[in-house]
Amino acid sequence: MALLERTEVAPPPPEPAAKPAAGVVGARRRFLPTGVLLALLAVLVLLPAGLVLLAAFTGRVPRPGNVSFDLTVVNFSIFAEPEVLRAFVNSLLLAVLATLLAVCIGGGLAFLAARSNIPMRRFVYLVGLMPLFLPSYVGALAWSILASPFAGLLNIAQRDLGMSIPINAYSMPGLVFVFAVYYSPYTFLLVHGAMSMMNPDLEEAARVHGASSGRMLRRVSFPLATPAIVGSAILTFTLIFENFPVAQVLGTPGGVDTLPTFIFRLLNATPSRGNESAAIAVVLVSIVVLVTWWQHRVLAKRSYTTVTGKGVRARRVSLGRARLPLFALVVLFFLLSIVLPILALVITAGQTSPYTSSISDFWAPGGLDFTSFTDVLADDVFRSAAQNSIVVSLAAAAIGTLLAFVSAYVTYRTKASGRGLVEAVSMVPLAIPAVVLGMGLLWTWLVMPIPLYGTLALMVVAFLAVQTPQGFRGVASSILAADRDLEDSAVMHGARRTRAIRAITVPLMRTGLLSTFVLLLMLSMRELTVPLFLYTSDTTILSIAIYDSFENGGALREAAAMSVIYTAFMFVLSSLPRLLDRRRARS
Amino acid sequence: MDVNIEDLSLSYGDFTAVDRLSLHIADGESLVLLGQSGCGKTSTMRCVAGLEDPSGGSISIGGTPVFDAGAGLNVAPNRRKVGLVFQSYAVWPHMTVLENVGFPLRMKKLPKQQVRTKALETLELVGLAQHADKGASMLSGGQMQRVALARSLAMEPDVLLLDEPLSNLDARLREDLRVELRRLQLELGLTSIYVTHDQGEALALADRIAIMQGGRIRQLADPVDTYRHPASASIAAFLGVANIFEVATPAAGDRRLAMVDHPVEVAVDAALPAGEHLSVCIRPEHVHLALDEPSATAATVNTWPGTVEVSVFQGSFARCSVRLDAGPLIEVQTHDDAASTLRQKDRVHVSIDPQHVQVLPREVTSATLGQAA
């Protein structure tokens, strides 16, 4: 922080006449903070990305003391293999279809919750939001329990009832459904925000100038929400396109490969085909970059939305006779997204026999036995994984918030040279799929002379790298909202810059910093893909422990119990910011 | 203490906010920087405060240099003993009124008891002592404004800077606080630099007014002189002179000037400035309205017939726009009771005393700069 302080008195300039106005001191003040920050971000973010890029164009994977620079494009010949092409097509098709469905679900729920007279609007709001609390791979695991082609609980129940509608989660439609359900909250949140913040004057103006209620919605309300809809669609697309765990859990058993699962498989093949997977990664990144860039362009045109920040009550639209049927649909979605999956996990946790032929087995005496929960809680593996998760997540969230604060402060509150670059580099991980970043981080910290590999510190470093964009955005929005005069005013009244930051800026940004901290904490707790590349038996974290027990099949019961505990914990964590907000509103 | 600014320049990228500006403010003087937004007045003030990195020139306060581009010197704002009242007040919402005002005293490391006594004394001065323990965010705009002022006064600054401190208040409150500010400034003998775009405020508060345009000072004079003798037509327009018409370049000794856009000649008394692009400037309160045909005996110099286009009654005066038959639209402000009954399309006669007609160049040229000081 001392870097940000103003230099009090300059040493005498060496060549008085020839020097530019700012002089040596000015130059040091301008370059030092950004230089240090950029070096840090480069090691965190750019080096891993660079190594993947290098590996894609060379014949050997980076190894300690042996980084090859003989460039070649031979790795890209892997795209001639039909499997890769199929995975590519699958990824695109899956992302497009799931995005369309997610936007319909999220947008529809947002409209119902924000602007309609549907019964229990508060509940509808929670239904729209709740899939966010279930980490998507936990949702995927639950759905694999529910709807695997033979042993799936839904299929067993059907057999009990003598029905045979084929339900198969290990398929393209299954994947589309699960992705759409668990990624719909992004659209929901953005569109709900746009719809409830909409200035009612704009709509009333439409009514006054002759539009019917329906025409008003079509011509004014939804067009005003378009940026939110398009923006969330693109965000959802990139998230699904790069997602690894869901595709791995549901796609791989059914033979549906996507680019991320294909990369993972190539890397874990014996012998490992790192260079070819890097080549696929480069293509994956290019597509995500392209889409992200497009998103920026679309969102940049947002200004025409005259959405005001005032907490105005928008008008509600009457649904007429569709009111109850629509509510029934909401309840159905709630059942499919939350109730059934949690129920499936709980039942599996209590299942005494791994082979179930009828749902009635569960009601038989001794059919369900929930000692698995206490077993898990007493289990050393779970305990150490939970402890690791908490230590790593707390450290990553705390350091991440600090890093984000310094980056955002330098970017928005100083005139340091290269401050735009700090923001740009902070945003880079957005465009890099977790699979690729995980691969790059692995290579980076194998090559680096600092012995972090195999320690929890590496996990912290990895989470810092993955979450710089979310941290930066969180802090930046609250630093922009705080009037900078308040801090300058403290300096004018005799406080040193560092003192002013501590006494004024940080206390004023308390809520923003806290919610950034909680956000980073949650993201760290649920991150699976990146640690999957980096964990060792000593550094297993909760998400890995769950994934591992499921993938290795043997410990399904314990895995389900862990998932339930984990989900409950995530739910509590995610309600923290709202509780904090409420406390603040009261004080 | 006096403030001396020499050759000060400040640029953001390609944009020059302050352009080689020199200004001396005497000890105890109240100087107002007056100008439209973007003229560089706030930037100049922020340079004195130390919140900007000027690209050239020097500033000294009480003889001590605080900024010197040549020597690479830029004293930190907290070492300058300069108070600043922000346009947004910048009253810290997470502190009480007393904590706000006590802040500069705490920064001076005064003992706790003394901080409290002095802060309370200062609050007394601005009439807010009874609100000392209130949270600062619970105050009204006018009260916040006083807290900001008290906070700056508490530090006993060498120079007090005020950045449009009254612009966020409603009109009545503004006028009350204007008088109070002037009283405090005179009582405490504060050297102050006051930034505003409101000519009324400038006239009321200034010992001298510096009018800024394009990052430079275009006119520096006391309020009366500034009001009576604006240095250019654009300054006159800014100071509320509503009737400005460009005239053809006169020959030597000409007493009647012809408007460029209308077939109207205006008689003038004053000596004409040299140069081209001259304009005649007439304040709306200097225009006389008559309902009747002027009698043959009365002077008919600068008297024209016209039609009322719009008339607005404003209580103590009435304001109307009169379209002369010859073309130009004249703004009139009159205290005449008869004028308050004027309606649209009424026929009137407009007359202007030649001694109230000013002839001014369109802009101040750099040659005339800095002489008024």
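**Figure 1. An open sheet of five strands in chain B.** In this predicted model, five strands of chain B form an open sheet whose order is 2-1-4-5-6, and the pairing between them is antiparallel. The edges of this sheet are strand 2 (15-25) and strand 6 (73-74) of chain B, each of which pairs on one side only. At one of these edges, strand 5 (residues 64-68) of chain B pairs with strand 6 of chain B in the antiparallel sense, over two bridges. A residue pair to look for here is Asp68(B) and its bridge partner in strand 6 of chain B, Leu73(B).

**Figure 2. An open sheet of six strands in chain B, with a helix across it.** The order of the six strands in this open sheet of chain B is 7-8-9-3-10-11, and the pairing is mixed. Strand 7 (82-85) and strand 11 (216-221) of chain B are the edge strands, since each pairs on one side only. On average, and with direction ignored, neighbouring strands of this sheet are turned by 20 degrees against each other. Within the sheet, strand 8 (residues 159-163) and strand 9 (residues 191-196) of chain B pair in the parallel sense over five bridges, and Leu162(B) has Tyr194(B), in strand 9 of chain B, as its bridge partner. Helix 1 (residues 41-49) of chain B lies across strand 3 (30-34), strand 7, strand 8, strand 9 and strand 10 (208-213) of chain B, and helix 1 runs at about 150 degrees to strand 8 of chain B.

**Figure 3. Chain B as a whole.** The two sheets shown above belong to a chain that has eight helices and 21 strands. Taken along the principal axes, the C-alpha atoms of chain B fill a box of roughly 80 × 50 × 35 Å. Of the 373 residues in chain B, 41% are buried, and among the contacts in chain B between residues at least 6 apart in sequence, 66% join residues at least 24 apart.

**Figure 4. The buried face of helix 3 in chain A.** Chain A has 23 helices and zero strands, and 45% of its 587 residues count as buried. Among contacts in chain A between residues at least 6 apart in sequence, 77% join residues at least 24 apart. This view is centred on helix 3 (residues 121-129) of chain A, whose buried residues are Val124(A), Val127(A) and Gly128(A). Seen down the axis of helix 3 of chain A, these buried residues fall within an arc of 100 degrees, and therefore they line one face of the helix. An α-helix has 3.6 residues a turn, so residues three or four places apart point the same way. The cover over the buried residues of helix 3 of chain A includes helix 2 (82-115), helix 6 and helix 12 (323-350) of chain A.

**Figure 5. The largest nonpolar core and the surroundings of Val178(A).** The largest nonpolar core has 269 residues, among which Val178(A), Phe179(A) and Ala210(B) touch the most other members. Helix 6 (residues 172-197) of chain A gives the most to this core, contributing 15 residues. Because domain 1 (32-61 + 367-587) and domain 2 (69-271) of chain A both give residues to this core, the core lies between them. If neighbours within four places in sequence are left aside, Val178(A) is in contact with Gly139(A), Ala140(A), Trp143(A), Ala169(A), Val246(A) and Leu250(A).

Conventions. Residues numbered from 1 in each chain as written. Chains lettered and ligands numbered in written order. Predicted model: local features only at pLDDT ≥ 70, side-chain atom pairs only at ≥ 80, totals over all residues. Helix = DSSP H or I, 4+ residues; strand = E, 2+ residues; numbered from the N terminus. Buried ≥ 20, exposed ≤ 12 C-beta atoms within 10 Å, placed from the backbone. Contact = placed C-beta atoms within 7 Å. Core = buried A, V, L, I, M, F, W, Y, C linked by C-beta atoms within 7 Å. Domains from an automatic or database assignment. Pairing = 2+ DSSP bridges. Axes fitted to C-alpha atoms, helices over the stretch in contact; angles between N-to-C directions. Arc of directions from axis to C-beta.
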